[in-house]
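Hi,

Here's the model I promised to pass along. Have a look at it first, and my notes follow underneath.

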Number of protein chains: 2
Amino acid sequence: MSEVVSIGRPRKFDEREVLIAVMDVFWEKGFEGTAMSDLVEATGLKKGSLYGAFGDKRALYLKALVFYDETEVAVAADLLRGRNQSDGLSAPDAGYQRIAALLQAVIDAVAVHGDRRGCLLCNAAVDQAPLDPATERSVTASLATLEAAFVEAIRAIPDLIASVEEGRRIARHLQSVYFGMRVLAKAGATVEVLQDAKAGALAGLYPHSH
Amino acid sequence: MSEVVSIGRPRKFDEREVLIAVMDVFWEKGFEGTAMSDLVEATGLKKGSLYGAFGDKRALYLKALVFYDETEVAVAADLLRGRNQSDGLSAPDAGYQRIAALLQAVIDAVAVHGDRRGCLLCNAAVDQAPLDPATERSVTASLATLEAAFVEAIRAIPDLIASVEEGRRIARHLQSVYFGMRVLAKAGATVEVLQDAKAGALAGLYPHSH
DNA sequence: GATGTTTTTGACCGTACAGTCAATAAGTGG
DNA sequence: CCACTTATTGACTGTACGGTCAAAAACATC
C-alpha cells in the first residue's frame with residue numbers, strides 16, 4: 001500500500017514534470033554539456049532541492065535515461081508491436097507499415113520540428129556509455145527492448161522470415177539503420193538523405209528479396 | 001616554394017604528432033569531456049604552446065576533425081573506391097567486397113582491439129554538430145566524402161543499380177548502417193549484434209534482390 | 001655579440017562548476 | 001502550542017576550468 005499521507009513538509013513540485021525538464025536538458029546538451037545551473041533554470045527548483053530529491057548530477061542523468069526508456073522508447077516499441085491504438089497499425093500483418101512509420105517519425109522530427117536533439121538513447125550511447133558502466137547498463141536495457149520490438153514487427157510481415165535467427169538479424173540491421181539516421185539527422189542531413197536511408201532499409205523487407 | 005629556413009626559435013614538436021595526440025583525446029572523451037589539461041598531458045606541450053600554435057580549445061577540436069578527415073575518413077573512402085593497394089579489392093567488380101570489408105572493420109575494431117571510441121566523425125556529429133556550426137560544416141564535408149565513396153563502391157557491383165538515384169539511395173542506406181553500427185558498438189553491443197547488422201545490410205546488395 | 005623574431009614556460013586570472021549546509025518553512029500528530 | 005519530520009532556500013566552499021601574459025630561451029642575420 002502506498003502512503004496516502006506523508007509526514008513532513010510536502011513537496012512543491014511534481015516529480016514527473018521535473019524529470020521531463022531534466023531529461024529535455026540532457027537530451028539537448030548531453031551529460032558533460034549540461035551544468036547544474038541549466039537544470040536549476042529548467043526545473044525551477046533550487047540546487048539543494050534537486051540534490052535532496054534526486055541525488056547528484058550522475059544520478060539525475062540516469063533517472064532521466066530510465067524515464068526516457070519508460071516514455072519515448074516505450075512509445076517506439078509499442079508502435080513496432082502494433083500496440084498503439086491510434087495509428088491503425090495493430091493488424092497482425094502490418095509489420096512493414098509499423099517499421100516504415102518508425103523510420104518516418106525520425107524524418108518527421110527533422111522535417112516538421114527541425115529537430116536536432118536526436119534520440120537521447122543514441123546520444124547517451126555515444127558520449128556516456130563507454131565511460132560510465134551504469135549508463136551502459138541502462139542503454140543496453142533500452143536497446144534490448146527496441147530489438148525485441150523490431151523482431152515482433154518483422155514477425156508481423158507475412159512470408160518474410162524463415163527462422164528466428166533471420167528475424168533477429170533483420171531486427172539488428174534495422175536498429176542500426178534507425179540509429180544511423182539519428183546520427184545523420186544530428187549532423188544536419190537533409191530530409192532527402194534520411195528518406196533514402198529509410199527507403200533502402202525498407203527495400204530489404206519484401207519477401208521476394210530473399 | 002616553402003620556407004626551408006625560418007627565423008625565430010624553432011619548434012620542439014612535430015605538428016602532426018601533436019595533432020594525433022589531440023585527436024586521440026577528443027576521440028575518446030569528446031569535446032566537453034576533454035579538459036585542456038588532458039591535452040597538455042597527452043601532447044607534452046604546455047598550455048601556452050598549444051594556444052600559440054593551434055588556437056583555443058574549439059580551434060584545436062576543429063583541426064583534429066580535419067585531421068581525422070584527412071586520415072581515417074580518407075582511408076575508409078579509399079577502401080570503398082578500391083584505391084587501397086594492399087587489400088586486393090581494387091578490381092572494378094569488387095564493390096560488394098569493399099563494402100563488406102568496411103563494415104567488417106567496424107566489427108574488428110571491437111573484436112580485436114576492444115574499441116569503444118567508435119568513429120570521431122560519428123561522435124562529433126552526435127554531440128557537437130547540433131551546437132556548433134563550424135563542427136557541423138566539417139562533419140557535413142566528411143559525410144559527403146563518405147557518401148560519394150559508397151556510391152563508387154556500389155557502382156562497382158555488377159548489375160546492381162539501374163540509375164544514379166538508386167545508387168545514391170543505397171549509399172545513404174549503407175552510410176546509416178555504418179553509423180548505426182558505430183553507435184551500437186559504443187553502447188557495448190556484442191560482436192554477434194554487429195555481425196547481424198552487417199549481414200542485413202549486405203543482404204540488400206545482391207542483384208536478384210530487386 | 002647585438003638585434004630581431006618566434007617559441008617555451010610557468011605563474012597567474014576570473015569564472016563557472018559540482019556539491020554542501022545551516023537556517024527556515026511547512027506540513028503531521030499529539 | 002509543541003514536538004517531529006521533511007522540503008526549501010540561498011549562501012557558501014573548494015576546485016577545475018579555459019584562457020592570458022610577461023619573461024626567458026633559442027634560433028637566424030648582420
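Helix 3 of chain B gives the largest share of the surface near DNA strand D, with 3 residues. "Near" here is a heavy atom of the residue within 4 Å of the strand, and helices are DSSP runs of H or I with at least four residues, numbered from the N terminus. At least two residues each come from helix 3 (47-54) of chain A and from helix 2 (36-43) and helix 3 (47-54) of chain B.

Before going on, some housekeeping: this is a predicted model, where local features need pLDDT of at least 70 and side-chain atom pairs count only at pLDDT 80 or more, while totals for chains, interfaces and linings use all residues. Residues are numbered from 1 along each chain as its sequence is written, chains are lettered from A and ligands numbered from 1 in the order in which they are written, and side-chain values use heavy atoms, with hydrogens and water left out.

Back to the DNA. Strand D is surrounded by 22 residues, and the closest are A:Gly8, A:Arg9, A:Lys12, B:Met36 and B:Lys47. Of the strand D atoms that come within 4 Å of the protein, 69% belong to sugar and phosphate. By type, the surface splits into 7 nonpolar, 7 polar and 8 charged residues (Ala, Val, Leu, Ile, Met, Phe, Trp, Tyr, Cys and Pro are nonpolar; Asp, Glu, Lys and Arg are charged; the others, Gly among them, are polar).

For polar contacts (N or O pairs within 3.5 Å; within protein, one atom must be able to donate a hydrogen and the other to accept it, and residues adjacent in sequence count only if both atoms are side-chain atoms), the bases of strand D are reached from chain B. The side chain of B:Lys47 has an N or O atom 2.7 Å from a base oxygen, and a polar side-chain atom of B:Arg9 is 3.1 Å from a base nitrogen. On the backbone, A:Lys46 puts a side-chain N or O atom 3.4 Å from a phosphate oxygen.

What about disulfides (cysteine sulfurs within 2.5 Å)? There are 0 over all chains. The sulfurs of A:Cys119 and A:Cys122 are 5.7 Å apart, too far for a bond. A:Cys119 is buried (under 20% relative accessible area, 1.4 Å probe, protein chains only) at 2%, and A:Cys122 is buried at 1%.

Lastly, A:Lys57, in helix 4 (residues 57-81) of chain A: its side chain reaches the backbone oxygen of A:Phe31 at 3.1 Å.

Cheers

Key:
A disulfide is a pair of cysteine sulfur atoms within 2.5 Å. Buried means under 20% relative accessible area, exposed over 50%, partly exposed in between (1.4 Å probe, protein chains only).
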